Structures are given as structure tokens and as C-alpha cells.
Amino acid sequence: MSSKRTLLHNALIINEGQRFDGYIVIDGGMIAEVGHGLPDEATVNSCSEVIDAEGCWAIPGVIDDQVHFRDPGLTHKGDIATESRAAVAGGVTSYMDMPNVVPPTTTIEALEAKYERASEVSMANYSFFIGATNDNIDTLLAVDYSKTCGVKAFLGSSTGNMLVSDSEALHRLFAEVPALVAVHSEDEATIAANRARYVAERGDDLPVELHPLIRSAEACYVSTARAVERAIRYGTRLHVLHLSTARELQLFDSTTPLAEKRVTAEVCVHHLWFSDADYARLGNMIKCNPAVKTAADREALRDGLRNGAIDIVATDHAPHLWQEKQGNCLKAASGMPLVQFSLVAMLEMAGQGVFTVEQVVDKMCHAPARLYRIDRRGFLRPGYHADIAIVSPGEEFTVGEKNIVSRCGWSPFMGVTFHNRVVKTFVNGNVVYDRGKFADSPCGGRLNFN
């Protein structure tokens with residue numbers, strides 16, 4: 001943690017629905033002061049480092065509650081070191097990583113091994129989900145959830161053998177586990193029936209355009225409706241990851257404040273940006289689970305984010321090597337790397353009038369902190385950890401191989417020109433990213449939860 005006192009000034013601060021010209025004083029890794037206008041002479045003289053952010057926005061660091069950093073066991077695709085660098089290059093200062101690695105994170109020993117690894121190499125702050133299986137519910141009951149973000153359950157198979165399908169295990173997961181339960185929600189029986197039908201009709205060399213018809217809107221709705229019903233019955237803190245359909249939105253509450261909700265929902269950047277019309281151009285680059293669906297679904301998800309039915313934005317960052325993305329609909333790996341460009345993609349949509357910048361900050365920074373009850377992060381407030389992203393508005397750059405940080409070396413945004421750029425990122429008061437340069441040593445810390 002930084003021990004020096006730093007002044008960040010001349011910024012347009014965008015925080016908690018407000019925007020104002022001001023300054024931030026960082027002391028010992030924490031925010032000491034957030035002020036309007038210019039700092040007085042005494043404040044300037046009290047700081048050993050002064051950073052001029054003229055022309056830039058200062059926002060809280062993004063909190064991404066769904067990433068796959070591939071560590072351990074799948075590190076040829078990426079690892080905590082490489083992917084946390086990609087995160088901070090995109091203004092993401094905290095992440096929550098998923099358990100479908102090798103071996104899967106389904107024991108306390110495997111969970112703590114990931115925390116130990118992150119403490120050695122992570123540029124951003126971190127937490128790790130423990131995965132639910134049909135036979136580890138007693139383990140889930142023993143986890144300290146003040147230091148771990150929650151339980152991940154696959155209610156339809158995605159990657160790895162972590163499908164929770166046993167009725168008694170599901171009952172205990174929803175009724176007994178005293179934690180947020182985050183679910184990948186697609187109905188495996190519906191998917192299997194769709195796959196069998198298309199293979200019978202057309203053979204097994206199916207084009208990627210069929211992916212959203214195999215992993216269909218119905219598969220999503222059936223599973224999510226069942227999960228929400230069960231959560232209401234048991235009073236579970238249920239969080240449904242990566243909504244992808246218009247129909248699922250009717251299952252979520254847009255009127256209750258987030259702090260009071262027991263059932264919450266997330267949307268990922270790719271489901272807000274792409275539609276099934278993009279398969280013809282991008283093919284397997286946008287193959288993911290749940291699938292990118294119709295333009296009507298995309299518009300409904302955007303509306304759901306604006307009206308509060310959907311609570312937060314994440315990425316489901318899932319790097320694969322380029323050769324793993326080759327092949328037909330049934331063979332190409334599902335998932336795409338997004339953490340480096342999630343904030344600028346959302347700001348691009350704000351520039352197009354889809355969202356406001358304040359909504360982007362709320363759904364990517366404030367709301368994840370509220371939803372997970374993260375200790376002193378997600379806001380620019382005195383007494384909070386100094387996790388800050390500095391954005392240069394109007395600064396153009398085009399995504400290409402030379403500026404992609406993720407180990408996999410590609411992005412579904414390749415060739416896209418964005419009109420805002422993350423130029424500096426602070427984690428715990430340290431500048432970890434500065435226009436393409438990274439800090440010499442990792443600065444991330446373990447997230448705590450209230």
C-alpha cells in the first residue's frame with residue numbers, strides 16, 4: 001500500500017450521480033479528501049506528489065464481478081498476473097473470479113490457494129467464488145463469507161464438470177448457505193433437446209448462427225424462473241449472472257432499491273453491444289454462454305439496465321487462444337476476453353445516447369459495491385480505498401494486436417475505434433497503469449465484505 005500523500009487535481013469528478021471540477025487527496029492508500037474546485041495552498045504543500053488530470057474524468061475504479069482469469073490449470077489462455085494487468089489497463093480495479101478452473105475451486109484449500117497466488121501477482125483487488133457441486137454443500141457452509149464474495153452454481157453446464165443438478169443439493173444450497181449465490185442459468189435439458197434436433201436435421205457441422213437457437217432464450221427463461229422461484233421460497237440472496245433475454249427481465253424487480261433486494265441480476269457488456277446479426281461478421285469471436293441473442297433482446301437488456309431491473313454490468317471475461325475459437329458451433333470454445341475494454345465500450349454507448357456516463361459509473365462502480373456489500377470500495381469518498389480510473393474523454397484509439405494486454409492476444413472489439421481512453425488507474429493509492437506502462441509490483445488486495 002502506498003504511504004505517500006498524493007494530490008490528483010484538475011479532474012472532472014463523476015461520482016454518485018454528480019459531476020464537478022475538483023481534486024482528490026490520497027494518503028496511505030486511502031482517499032483523504034474529495035474537494036470541489038482548486039485545492040488550497042496548504043493542501044498542495046502537504047502532498048509529496050501532484051498529478052494534473054486536466055481535461056480528464058476521475059471516476060471510481062470499475063468492479064467486475066465475473067471474470068475467468070484461468071488460474072490455476074488453464075494458464076495457457078491467461079493467468080491472474082496477465083489478466084489483472086488487462087483489467088487495470090481498462091480501469092477495472094477489483095474483480096471476482098470464477099471457480100471453473102483445474103482443479104475446480106470447490107474446496108477451501110483450492111480457494112485459499114487462489115488467494116495466495118493473487119496476493120503475489122495481482123495488479124487489481126480480488127475475490128474468488130467457491131463453486132457449488134452436488135456433494136460439497138458442507139464445505140460451502142464452512143467458508144468465511146466476510147472474505148469471499150459468494151458461491152457460484154452452474155444450473156446448466158457451461159465449462160467444466162460443475163453442474164448442480166441433484167435436488168437435495170439444490171435444496172440445501174438455496175436454503176442453508178449463508179452467502180450470495182451467483183448462478184449461470186441455462187436449462188441443460190432444453191439445450192440438449194435443441195442440440196439433438198439440429199444435429200438430426202443438419203448433421204453435426206453446425207454454423208455458429210445456430211448457437212443462440214441451441215442455447216435458446218427458452219433455456220435461459222426456464223432455468224432463471226426456476227431459480228428465482230426457489231430463491232423467493234427460501235429467502236436466498238440470489239444473483240443471476242449474464243442475463244441475455246428480454247423475457248427473463250419480467251422475473252426481476254425494478255422498483256426496490258438495490259440495498260433491499262434479495263434477488264439481483266447482472267448483464268454483460270457483450271449482450272449490450274452485440275446481437276445475432278453480428279455472427280455473420282464475427283463468427284466464433286462472439287460465441288459465448290449464454291449466447292448473444294436478438295437485437296430485440298439487446299434493446300430490452302439496455303432498457304432493463306436503465307430502469308433498474310438489472311443491477312450491475314460485468315464482463316464474463318473468458319480468454320481462449322485463437323486456435324481454441326476455431327471450428328463449428330459444437331466445437332469452438334465459448335467465451336471472449338472483455339475486461340480491458342468494458343468501460344470504454346460502455347462509455348461509447350453513453351456517447352451514442354444509450355446510457356448516461358453517470359449510469360455507467362453507477363452500474364459498473366457503485367452498484368457492484370452495494371450488491372456485494374464490499375468494504376469501502378466503489379465510491380470516491382473520504383475513508384475509502386483509493387481505487388480510481390482516469391479517463392480521457394474524446395481521445396480516440398482503435399483496438400488491435402499492439403494494444404491488447406490479455407495473453408490470448410485477440411478481442412471481439414478488434415478494429416473498433418473507441419472515443420474515450422483510460423489513461424491512468426490507481427489501486428489502493430498506487431498508479432498501477434499509466435498510458436501503457438504498468439507498476440513494477442502488484443498492488444491488489446483481498447476484498448472484504450460487510
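## A three-strand sheet and its salt bridges

In this predicted model, D64 has Y95 of β7 as its bridge partner. That pairing is part of a parallel match: four bridges join β6 to β7, which spans residues 92-97. Helix α13 (residues 357-372) packs on the sheet and touches both β6 and β7. The direction of α13 makes about 60 degrees with that of β6.

Now take the whole sheet. It is open, has three strands and runs in the order β6-β7-β8, with parallel pairing. β6 (62-67) and β8 (125-128) stand at the edges. Each has a single partner strand, so one side of each lacks a neighbour in the sheet. From one strand to the next, the twist averages 20 degrees.

Turn to charged side chains. The structure holds 27 salt bridges. One of them joins R381 to E16, at 2.9 Å from N to O. This pair links distant parts of the chain, 365 residues apart. R381 sits in the loop between α13 and β15 (388-398). E16 sits in the loop between β1 (5-15) and β2 (18-27). R381 is partly exposed, at 26% relative accessible area. E16 is also partly exposed, at 34%.

The loop between α13 and β15 holds D387 and R377, whose closest N and O atoms are 2.8 Å apart in a salt bridge. D387 is buried at 5% relative accessible area. R377 is buried at 6%.

D434 and K424 form another salt bridge, with closest N and O atoms 3.1 Å apart. D434 lies in β17 and K424 in β16, so the pair ties together parts ten residues apart in sequence. D434 is partly exposed at 32%, whereas K424 counts as buried at 16%. Elsewhere, shared partners join E299, R302, D303 and R306 into one salt-bridge network.

Note on methods:
Residues are numbered from 1 along each chain as its sequence is written. This is a predicted model: local features need pLDDT of at least 70, side-chain atom pairs count only at pLDDT 80 or more; totals for chains, interfaces and linings use all residues. Side-chain values use heavy atoms; hydrogens and water are left out. Two strands pair if DSSP finds at least two bridges between them. Helices (H or I, at least four residues) and strands (E, at least two) are DSSP runs, numbered from the N terminus. Axes are lines fitted to C-alpha atoms, for helices over the stretch in contact, and angles run from 0 to 180 degrees between N-to-C directions. Contact means heavy atoms within 4.5 Å. A salt bridge is a side-chain nitrogen of Lys or Arg within 4 Å of a carboxyl oxygen of Asp or Glu. Buried means under 20% relative accessible area, exposed over 50%, partly exposed in between (1.4 Å probe, protein chains only).
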